[in-house]
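Student: Could you take a close look with me at the aromatic rings in this structure? I would like to see how they pair and what surrounds them.

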Amino acid sequence: ANAATFTNGPAWSDMTNTLAQCNNGDTIYVTNGVASWTNYLIITKDISIIGAGSGQTILTNYYPKDLGNDMIIWQTTSNGACRFSGFSIRATSTAVNTFNITGTCHAFRADHCDFDSSVGEAFRFYSGWVCGVVDHCTFTRVHVPFSISHEAYGGYINGNGSWADADNWGTTNALYIEDCTFTALPTDGFGIADGYGGARIVIRYCTSTNVFEGTHGTES
């Protein structure tokens, strides 16, 4: 009931300044425009970030590789809800990834965004147990749209908790990829997702052209 809302432009400095004022549960509305970021953004709060829409709020990132490969590093918590919606993401090098999402949030949502072939990896769910849904997003010739690990599932390591548990379909113990569009050329050899560390992935209601799904087993 006490959540606050903020409005700012898409520039990295605008986002950083507003994030410093946010608390868990707040919402940031980002106006339309194009912004080129020269640094990564670290988010440590469970908030919503809502752009003006695909093709309206456009983020392009470029920075020296030794600063890291991720555009947005989002550190989530177990009881929070996070959302990222309404952006177009571009990059100046396929060595650049968009998201590195860590922690234990089971209510993460990313929706109505688009990514093109300039991006290396769109979503990296690493070092934790993040579940939720990515829906109504478009991936055009993105090499790895998703890299997903649930290595901390159940409080264990290396995904051991996930391998030992029942499937539990329909619960919050999975990442759901829904109503998305994946397109590649027949010669690309690109996939939808790579699963590591006991990753639990549900892909449904998507349109996929010349892409495949790949996972890794207990060796990961």
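Tutor: Happy to! By the ring-pairing rule, the count comes to 14 aromatic pairs. Please keep in mind that this is a predicted model, so every value here is computed from predicted coordinates.

Let's start with one pair. The ring centres of Phe84 and Phe99 lie 4.8 Å apart and their planes meet at 80°, so this pair is edge-to-face; the cut-off for that class is an angle over 60 degrees. Phe84 sits in strand β8 and Phe99 in strand β10, 15 residues apart, and the pair thus links distant parts of the chain. Both Phe84 and Phe99 are buried.

A second pair has another geometry. Phe123 and Phe146 are stacked, with 5.2 Å from centre to centre and 10° between the planes. Phe123 belongs to strand β13 (residues 121-128) and Phe146 to strand β16 (residues 144-149), so this pair ties together parts of the chain that are 23 residues apart in sequence. How accessible is Phe123, and does it count as buried or exposed? Its relative accessibility is 0%, so Phe123 counts as buried. Phe146 also has 0% relative accessibility and therefore counts as buried.

These two pairs belong to a wider group. One aromatic cluster is formed by Trp74, Phe84, Phe87, Phe99, Phe108, Phe115, Phe123, Phe125, Phe139, Phe146 and Phe182. Several of these names come back when we turn to the nonpolar core. The largest nonpolar core has 47 residues, and those with the most contacts inside it are Trp74, Phe123, Phe125, Phe139 and Phe146. Take Phe125 as an example: leaving out residues up to four places away in sequence, Phe125 touches Ile101, Phe108, Val130, Val134, Phe146, Ser147, Ile148, Ser149 and Leu175.

Now for the strands that carry these rings. Strands β10, β13 and β16 are among the seven that form an open sheet with parallel pairing, in the order β4-β7-β10-β13-β16-β19-β22. At its edges are β4 (41-43) and β22 (212-215), each of which pairs on one side only. From one strand to the next, the twist in this sheet averages 15°. Within the sheet, strand β7 (residues 70-75) pairs with strand β10 (residues 97-103) in the parallel sense over five bridges. One residue to look up there is Ile73, whose bridge partner in β10 is Asn100.

Strand β8, the home of Phe84, is part of another open sheet. Eight strands make up that sheet, again with parallel pairing, and their order is β1-β2-β5-β8-β11-β14-β17-β20. Its edge strands, β1 (5-8) and β20 (201-204), each pair on one side only. The twist here averages 10° from one strand to the next. Strand β8 (residues 82-85) runs parallel to strand β11 (residues 108-111), and four bridges join them. Among the residues involved, Arg83 has Arg109 as its bridge partner in β11.

Helix α1 (residues 12-21) packs on this eight-strand sheet, where it touches β1, β2 (27-30) and β5 (48-50), and its direction makes about 165° with that of β1. Which residues of α1 are buried? They are Met15, Thr18 and Leu19. Seen down the axis of α1, these buried residues fall within an arc of 105°, so they line one face of the helix. An α-helix has 3.6 residues a turn, so residues three or four places apart point the same way. The buried residues of α1 pack against β1, β2, β3 (33-37), β4 and β5.

That brings us back to the rings by way of Ile49, a residue of strand β5. Ile49 has a relative accessible area of 1% and is therefore buried. Beyond its neighbours within four places in sequence, Ile49 is in contact with Met15, Ile28, Val30, Ile43, Trp74, Arg83, Phe84, Ser85 and Phe87. Met15 is one of the buried residues of α1, while Trp74, Phe84 and Phe87 belong to the aromatic cluster. For Ile49 and Ser85, which are 36 residues apart along the chain, the C-alpha atoms are separated by 6.4 Å.

For contrast, try Thr187, in the loop between β18 (181-183) and β19 (191-196). Thr187 has 72% relative accessibility, so it counts as exposed. Its C-alpha atom is separated by 23 Å from that of His216, 29 residues apart along the chain.

Definitions and conventions: Residues are numbered from 1 along each chain as its sequence is written. This is a predicted model: local features need pLDDT of at least 70, side-chain atom pairs count only at pLDDT 80 or more; totals for chains, interfaces and linings use all residues. Side-chain values use heavy atoms; hydrogens and water are left out. Two strands pair if DSSP finds at least two bridges between them. Helices (H or I, at least four residues) and strands (E, at least two) are DSSP runs, numbered from the N terminus. Axes are lines fitted to C-alpha atoms, for helices over the stretch in contact, and angles run from 0 to 180 degrees between N-to-C directions. Contact means heavy atoms within 4.5 Å. A nonpolar core is a set of buried Ala, Val, Leu, Ile, Met, Phe, Trp, Tyr and Cys residues joined through side-chain atoms within 4.5 Å. Buried means under 20% relative accessible area, exposed over 50%, partly exposed in between (1.4 Å probe, protein chains only). Rings of Phe, Tyr and Trp (its six-membered ring) pair if their centres lie within 6.5 Å; planes under 30 degrees apart count as stacked, over 60 as edge-to-face and the rest as tilted. The arc is that of the directions from the helix axis to the C-beta atoms.
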